Amino acid sequence: QSEPNRAACLREEALNLTRDQRRDVQRNLTLLEFDTRGIDGIFGRGSRAAISAWQAEYGFDQTTYLTQRQIRRIDDQAKVRAQELEQ
């Protein structure tokens, strides 16, 4: 209960992200040049640092935990970036 971002942590836990969904987030963050230090479906220190850096870049509170809205935005940004790279 002393964790400063406990509410954000609980909100992310409530999303019940599967390991594949976490891999998608990691892959997308990596595509956007936020280094998760691996794509393994586990949100460890590297993933949390990448999430925090992405949140800072796009004006979100740096909780290191994701909301559904943030996941959708990362996904949308990654789709645009993938299209840019294909061109």
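Contact here means heavy atoms within 4.5 Å. The views below show a predicted model.

**View 1. Overall fold of the predicted protein, a chain of helices in the order α-α-α-α.** The protein has four helices and zero strands. Its radius of gyration is 13 Å, close to the 12 Å given by the globule rule for 87 residues, so the protein is as compact as a globular protein of that length. Along the principal axes, the C-alpha atoms fill a box of roughly 50 × 25 × 20 Å. Of the 87 residues, 36% count as buried. Among contacts between residues at least 6 apart in sequence, 36% join residues at least 24 apart.

**View 2. Surface and charges of the protein.** The protein exposes about 5,700 Å², and carbon and sulfur atoms supply 43% of that area. The protein carries 14 positive and 14 negative charges, and the mean positions of these two sets are 4 Å apart.

**View 3. The buried face of helix α1, residues 6-14.** Ala8, Cys9 and Glu12 are the buried residues shown in this helix. Seen down the axis of α1, the buried residues fall within an arc of 100°, so they line one face of the helix. An α-helix has 3.6 residues a turn, so residues three or four places apart point the same way. The buried residues of α1 pack against two other helices, α2 (19-31) and α3 (45-57).

**View 4. Surroundings of glutamate 12 in helix α1.** Glutamate 12 has a relative accessibility of 2% and counts as buried, because buried means under 20% relative accessible area. Neighbours within four places in sequence are left aside in this view; beyond them, glutamate 12 is in contact with Arg22, Phe43, Arg48, Thr64, Tyr65 and Leu66. One of these partners, threonine 64, is shown again in View 7.

**View 5. Leucine 17 in the loop between α1 and α2.** Leucine 17 is buried, with a relative accessible area of 15%. Leaving aside neighbours within four places in sequence, leucine 17 is in contact with Arg22, Phe43 and Ile71. Arg22 and Phe43 are also among the contacts of glutamate 12. For a distance across the model, the C-alpha atoms of leucine 17 and alanine 82 are separated by 23 Å, and these residues lie 65 residues apart along the chain.

**View 6. Backbone at asparagine 16, just after α1.** Asparagine 16 is found in the loop between α1 and α2, the loop that also holds leucine 17. The phi angle of asparagine 16 is positive, about 50°, although the residue is not a glycine. Asparagine 16 is exposed, with a relative accessible area of 60%, whereas leucine 17 is buried at 15%.

**View 7. Backbone at threonine 64, in the loop between α3 and α4 (68-86).** Threonine 64 is not a glycine, yet its phi is positive, at about 75°. The view also includes glutamate 12 of helix α1, with which threonine 64 is in contact. Tyr65 and Leu66 are likewise among the contacts of glutamate 12.

Terms used. Residues numbered from 1 in each chain as written. Predicted model: local features only at pLDDT ≥ 70, side-chain atom pairs only at ≥ 80, totals over all residues. Heavy atoms only, no water. Rg over C-alpha atoms; globule rule 2.2 N^0.38 Å. Buried < 20%, exposed > 50% of the residue type's maximum accessible area, 1.4 Å probe, protein only. Areas by Shrake-Rupley, 256 points an atom, 1.4 Å probe, with all protein chains shown as cover. Lys, Arg positive; Asp, Glu negative; His and termini not counted. Charge placed at Lys NZ, Arg CZ, Asp CG, Glu CD. Arc of directions from axis to C-beta.
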